[in-house]
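Please look over this complex and report on its ligand site and its chain interface.

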Amino acid sequence: MDYAIEAEGLRKRFGDTQALDGVDLAARRGTVLGVLGPNGAGKTTAVRILATLIQADAGSARINGIDVAREPAKVRETIGLTGQYASVDELLTGEQNLTMIGQLLNLSGKRAKARAHELLEWFDLTDAAKRPAKTYSGGMRRRLDLAASLVGRPSVIFLDEPTTGLDPSKREDMWGVVRSLVHDGSTVLLTTQYLEEADALADEITVINHGSVIAHDTPSGLKRVVGGQRLTVRPVDPDRLDETATIIGDLAGTRAEHTGRGVVSVPVAGDEVLGDAIYRLNEANIAVTELSLHLPSLDEVFFTLTGRTENPQEVLA
Amino acid sequence: MSALALPRHSLVLAKRNLIGVTRNPEALLDVTFQPVIFLALFTYIFGGALAGGSQQDYLQFLLPGVLAQMVAFASVSIGVNLNTDIEKGVFDRFRSLPISRAAPLVGAVFADIVRYVLMCAVTIGFGYAIGFRAETSPLEVLAAAGIVIAFALCLSWASVFIGTIARTPGAVQGIVLLTMFPLTFGTSTFVPTSTMPDWLQTFTDVNPLTHLIGVLRALMLGDPMGNHLLWTLVSMAVLLVVFVPLALRSYGRRA
Ligand SMILES: Nc1ncnc2c1ncn2[C@@H]1O[C@H](COP(=O)(O)OP(=O)(O)OP(=O)(O)O)[C@@H](O)[C@H]1O
Ligand SMILES: [Mg+2]
C-alpha cells in the first residue's frame, strides 16, 4: 500500500508527562488523516515528531518512505507545517513573510514574490499584503501561516488545529483549502478537537487520548460505533426534563440520556425526527431553549469509546 | 550550489532581522544613544578629575575604550532577540524548511554587522563633535573600526549561545550583562590598569577587552601595539571555536 505518512509506536516523554505512549498513524497518499483528541492528548507532539521538529524517544516514522529521524533534511523537502500557534514573523508584512520563505526554498527573488502574491490572493490577504503581520487578526495570521507552509508546494501537509479560533465562515474556507490541496494530490494530516471537522474532511480518523490511540476508522465506521447524529433538547423548565426525555426517547425508539445540566439527548437515524420532535413537544406544551441535531461532541465520543467521560464535573453535574 | 546555500539562506534571514530593526528603531538605542551618553558622561564628569584635569586629553584616552565597551553591551540584544524568536515559535517554521539549522543563527549575526557599523560611526562621529582627534591616518581609524566590528561578531556568538539555552529573554539579558560588566570595567576603558591592585591587574591582563582596547589605542592614538593584536586575534578565534559549536548544538536540540 502506498502510504505518505506512516508511524509506529511513537513514544515521547516530557519530564513527568508521557505525551505519547506508543502511537501508530498512517495516511495513504492523497488522503486526509484526521487526528482527533482532547487537550493534552498528544496531537501536537505527534505532529512535531513527524515534521522533524523534535525526536521521538522510541518508535519510527516515515514521510513518503523517508525516515524522519535518519534523514530529517530530506523529509523537510517534502513537508509543509502549520503549527498550532501561528509562527509568522510579526514585524514582516504578509508579503515579506511569504517571499522570505520562497527565497529560503531557493526561488529567485522574482519567483518568490510571484508565488507570494498567488498565495495572498488565494487566502484573501491581498489587501493586507503590505501591512506588518502584527496588525493582522487571529484568523488572518492563521491563514498567512497556512499560506507560508504551502509556498514550496509540499506533498505532505501537517495542519495542527487549523480552524481553532476561526469564525464559521472562515472555517468553511479552510475546509475548502484542505479539500483542494487533496484534490491536487497532497496528503494532509490534520488534528482537531471536533468530530464534525474530522467527519467533514478526513478519509480516516485516528482518535487519541492520553498519548494512546483509542480508535482508528473511517468517519462512517467511527460514527457506527459512537452513533451518528444526536437530537439534543433543553426544555425551558428543568422540571419537565423527564417528560421531554420520554417524548424524544419514544421518537427515536431508545432511552434518552441526560448528557448535561438540563439537557437530554438521544441518537437518531436521520433528520426526519426533527419535525416530529417539534410537533410532539409543542403538543405537550414544553417550551425549549435549545433543540439541535448534531454529531456527537468529543465528550460523547470519548464516553462511548472509553466508557468514561473526560470531564466528569461538566457532564455529571 | 549547496555550498553556497548556507550563506544565501543566512542573507535572506539577515534581511528579515534588518526589516525588524527598521520597524523597531528603538532597538538601535544601544548602539546610538548609549555610546553618546557614555562618552559625554565620562568626559565631562570624570574628565576633569582624571588625566591631569584635561577633559580633552581624557576624551582621547576614553574613546577607544568606549568603543570596546559598547561592543560588549550591544552583544546582549542578539541573544535576547533569538530567545524571543525561539519562544514565539517563529523558528519552528525555519526548522521545518530544508535549510541548514545554522542559517537562522548566522543570519542574525550577519544582520548585526549593520548595528556595529552604525555604532562605530556614531561613537567616532560624536567623539569628533566634542573634540576627539585621531592621531593617526584615516586608514588606521578605519582599520580600528574593522577590528571592532570583527571582534563584535565573534563575541555575538557567546550571546547567541546564551540565547539558545536560557529559558526567557529576561534571563538572557541578565546573564549576558552580568558577564559583560566585569569585562568592561575590569580593563583600561576608564583608567590605566597600572593604577589598579595587582590581583586585579592579573584579570585585566587576560581580559580580551584590554587587548582590544590596546589595539584601538594603537590604531587611533599611535600608542605602541605590543602583542595586543595577536591576543585580540587569539581571543576572537577562541570565541568562535567555543561558542559557534555550542550554539549550534543547543539550538538543534531545543524542542
Ligand atoms: N515541551 C514540553 N514540555 C513539557 N511538557 C510538554 C511539552 N510539550 C507537550 N507537553 C505535554 O505533553 C502532553 C501532550 O501535549 P500536546 O501539546 O501534544 O497535546 P495536544 O493534543 O496538542 O493538546 P491541545 O489540544 O491542547 O493542543 C501535555 O500533557 C503537555 O503538557
Ligand atoms: Mg496541540
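The report below takes the ligand site, then the interface.

This is a predicted model.

**Ligand site**

The shell around ligand 1 has 14 residues, and A:G40, A:K43, A:T44, A:T45 and A:Q84 come nearest. By class, the shell splits into four nonpolar, eight polar and two charged residues. Oxygen atoms of ligand 1 make the polar contacts in the table.

| Residue | Partner atom in the residue | Distance to an oxygen atom of ligand 1 |
|---|---|---|
| A:N39 | N or O atom of the side chain | 2.8 Å |
| A:G40 | polar backbone atom | 2.8 Å |
| A:A41 | polar backbone atom | 3.1 Å |

Taken alone, ligand 1 exposes 630 Å², and the protein buries 64% of that. Two elements of chain A, β2 (17-28) and α1 (43-50), each give two or more residues to the shell. α1(A) gives the most, with three residues.

**Interface of chain B and chain A**

On chain B, 23 residues are in contact with 29 residues of chain A. About 2,300 Å² is buried between the two chains. Carbon and sulfur atoms give 59% of that area.

Four salt bridges cross the interface. One of them joins the side chains of B:D92 and A:R48, at 2.9 Å from N to O. Polar contacts between the chains come to 10 residue pairs, with both residues at pLDDT 80 or more.

On the side of chain B that touches chain A, α1 (2-23) and α5 (90-95) of chain B each give two or more residues. α1(B) gives the most, with eight residues. By class, this side of chain B has 10 nonpolar, five polar and eight charged residues.

Notes:
Residues are numbered from 1 along each chain as its sequence is written. Chains are lettered from A and ligands numbered from 1 in the order in which they are written. This is a predicted model: local features need pLDDT of at least 70, side-chain atom pairs count only at pLDDT 80 or more; totals for chains, interfaces and linings use all residues. Side-chain values use heavy atoms; hydrogens and water are left out. A residue is near a molecule or strand if one of its heavy atoms lies within 4 Å of it. A polar contact is a pair of N or O atoms within 3.5 Å; within protein, one must be able to donate a hydrogen and the other to accept it, and residues adjacent in sequence count only if both atoms are side-chain atoms. Accessible areas come from the Shrake-Rupley method with a 1.4 Å probe; for residues, only the protein chains shown count as cover. Helices (H or I, at least four residues) and strands (E, at least two) are DSSP runs, numbered from the N terminus. Ala, Val, Leu, Ile, Met, Phe, Trp, Tyr, Cys and Pro count as nonpolar, Asp, Glu, Lys and Arg as charged, and the others, Gly among them, as polar. Contact means heavy atoms within 4.5 Å. Buried area is the accessible area (1.4 Å probe) that two parts lose on being put together, summed over both.
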